[in-house]
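User: Pick one part of this model and give me a close look at it. Then tell me how that part sits within the rest.

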Amino acid sequence: MKKVQITETVLRDANQSLMATRLPYSDFADILPEMNKAGYYSVECWGGATFDSCLRYLGEDPWQRLRDIRKAMPDTKLQMLLRGQNLLGYKHYHDDVVEKFVELSIKNGIDILRIFDALNDFRNIATALEATKKYATKNTVASGCISYTQSPVHTVEKYVEMCKELKNMGFDTICLKDMAGTMSPYVPLILHTHCTTGMAYMTVTKAIESGIDVIDCATSCFSNGTSQPSTETMFYALGQYGIETGLNEDVINKVNDYFKPIKQKYVDSGRISAKSMATDAQALVYKVPGGMLSNMIANLTDMKAMDKFDAALKEIPEVRKDLGYPPLVTPLSQMVGNQAVTNVLMGERYKIVSKEVQNYFRGQYGIAPAPVSESLQAKILGEGGKPVDCRIEDAKRTGEDFKKAKEALGDLAKSEEDVMSYICYPDQAMKFFEDRKAKEENICTYVIEEA
Ligand code: CO
């Protein structure tokens with residue numbers, strides 16, 4: 001029997017796309033043992049924005065979250081999304097930092113590392129791949145990921161070429177983020193898409209007909225809208241096609257029953273907005289990913305500027321063109337999105353250019369897919385200024401970053417994982433460690449008083 005397996009995204013991408021990654025561990029802890037029995041290909045539970053959100057908003061240690069999930073789901077492959085040389089931050093890190101991060105991710109429980117670069121500049125994922133192979137256990141899978149987008153320079157031939165390149169680099173599987181199945185695979189192919197535009201179920205169906213091996217889905221109450229297609233719907237549909245998923249019907253329904261009231265809680269609080277649950281075919285024009293949309297809505301709402309939402313949306317393709325058509329995935333999605341919002345709020349294009357966009361023009365993120373706007377380049381780099389090659393400048397293995405971070409933290413750091421959190425998110429991690437210390441001191445005082 002033909003088999004198509006399913007990755008459950010509720011803990012990471014569905015959480016990120018529908019509610020800006022604000023799901024605390026306590027909201028899903030109790031269902032993990034049940035999810036462990038479902039028969040998923042994998043559970044995507046870490047990486048992406050979860051790391052940032054744990055430190056910044058939820059007061060959680062992201063590494064502890066990973067260890068807890070690992071413990072509760074011993075039989076399930078745990079998957080993370082890793083932004084290559086950016087790790088889980090918004091800039092490029094040195095090779096030794098990337099290697100350490102991968103080592104610690106595997107050590108703390110990750111099996112599948114889905115690694116991508118926002119510009120599909122694969123030099124930026126080579127170090128992460130190398131480290132994955134170096135620290136691999138028998139369960140480790142290095143999944144090379146292509147960021148799919150449409151533009152005058154992104155042709156089908158180009159994507160076929162990228163697939164071959166990933167295969168030659170030595171990835172175990174290839175994942176197409178948002179891609180319709182167009183090529184015959186020699187390595188397992190995985191499709192990751194979002195329901196934002198309403199196309200996902202058709203895309204997934206076509207991909208299955210073309211031989212896709214794994215599809216990303218979310219338990220039905222956390223599916224659709226800016227999230228993934230529904231796990232149970234695909235389970236039943238594939239069953240009717242005579243295709244096996246290996247999922248346990250009872251368990252996946254229990255998982256959905258568990259998450260229903262949780263979803264309702266966040267709908268009631270406004271954290272999950274009606275906009276992110278709806279279908280918006282206009283995204284076909286703006287090409288805005290789910291996480292970016294829910295973040296833009298959150299930011300504009302916080303700034304009380306939701307009336308500028310449509311204008312900002314329209315500004316996105318303009319900024320994207322000026323940047324040489326980067327695929328809109330993190331960190332490029334935030335950079336393009338924030339610049340578009342700034343342009344609209346300032347009432348003038350590039351009156352203020354964010355530090356990240358400036359660094360992008362300096363070449364610090366890799367090579368843009370198409371030529372960038374010459375006038376904007378001249379504005380940022382000066383007349384005749386040229387970007388430098390990020391790999392030559394930034395790839396050093398000095399160990400300095402780790403040493404410096406360790407010194408800066410002093411006794412606030414209790415582990416290598418803490419140091420890594422600080423390297424990725426200095427301000428947020430520092431605050432988290434200070435809060436943690438204060439809490440511990442309180443507990444100590446209490447114990448002494450008791451005695
Ligand atoms: Co996604």
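Analyst: A quick word on terms first: helices (H or I, at least four residues) and strands (E, at least two) are DSSP runs, numbered from the N terminus. This is a predicted model, where local features need pLDDT of at least 70 and side-chain atom pairs count only at pLDDT 80 or more, while totals for chains, interfaces and linings use all residues. Residues are numbered from 1 along each chain as its sequence is written, and side-chain values use heavy atoms, with hydrogens and water left out.

I'd go for the loop between helix 14 (309-322) and helix 15 (332-346), the one that holds Pro 331. Gly 324, Tyr 325 and Val 329 belong to that loop too.

Let's walk along it. Gly 324 counts as buried because its relative accessibility is 0%; buried here means under 20% relative accessible area, exposed over 50% and partly exposed in between (1.4 Å probe, protein chains only). Setting aside residues up to four places away in sequence, Gly 324 touches Ala 368, Pro 369, Ala 370, Pro 371 and Val 372, where contact means heavy atoms within 4.5 Å. There's a link back along the chain as well: Ser 151 is 173 residues from Gly 324 in sequence, yet their C-alpha atoms are 9.4 Å apart.

Next comes Tyr 325, which isn't a glycine but has a positive phi of about 55 degrees. Most residues other than glycine have a negative phi, and most peptide bonds are trans. At 18% relative accessibility, Tyr 325 counts as buried.

Then there's Val 329, buried at 14% relative accessibility. Leaving out residues up to four places away, Val 329 touches Phe 116, Ala 118, Ser 147 and Lys 177. From Val 329 to Leu 119 it's 210 residues in sequence, but 8.7 Å in space, C-alpha to C-alpha. The loop's other backbone oddity is the peptide bond from Thr 330 to Pro 331, which is cis, with omega near 0 degrees.

Now follow those partners outwards. Phe 116 is also a contact of Leu 82, whose other partners beyond four places in sequence include Leu 87, Leu 88, Phe 101, Ile 115 and Ala 128. Leu 82 is itself among the residues that touch the most other members of the largest nonpolar core, which has 91 residues; Leu 11, Met 35, Phe 101, Ile 215 and Phe 259 are the others. Another core, of 42 residues, lies apart from that one, and its members include Ala 118, Leu 119, Ile 190 and Phe 309. (A nonpolar core is a set of buried Ala, Val, Leu, Ile, Met, Phe, Trp, Tyr and Cys residues joined through side-chain atoms within 4.5 Å.) In soluble globular proteins, nonpolar side chains tend to be buried together.

Two other loops are worth a glance for comparison. Leu 87, in the loop between strand 3 (78-82) and helix 5 (95-107), has a positive phi of about 55 degrees without being a glycine. Leu 87 is buried, at 0% relative accessibility. Phe 122 sits in the loop between strand 4 (112-116) and helix 6 (123-135) and is buried as well, with a relative accessible area of 4%. Beyond four places in sequence, Phe 122 is in contact with Cys 145, Ile 146, Met 162, Glu 165, Leu 166 and Met 169. Its C-alpha atom is 10.0 Å from that of Ile 367, which is 245 residues away along the chain.

Finally, the whole chain. It has 21 helices and eight strands. Its radius of gyration is 22 Å, close to the 22 Å that the globule rule gives for 451 residues, so the chain is as compact as a globular protein of that length; the radius is taken over C-alpha atoms, and the rule is 2.2 Å times the number of residues to the power 0.38. Of the 451 residues, 57% are buried. Long-range links like the ones around our loop have a chain-wide figure too: among contacts between residues at least 6 apart in sequence, 73% join residues at least 24 apart.
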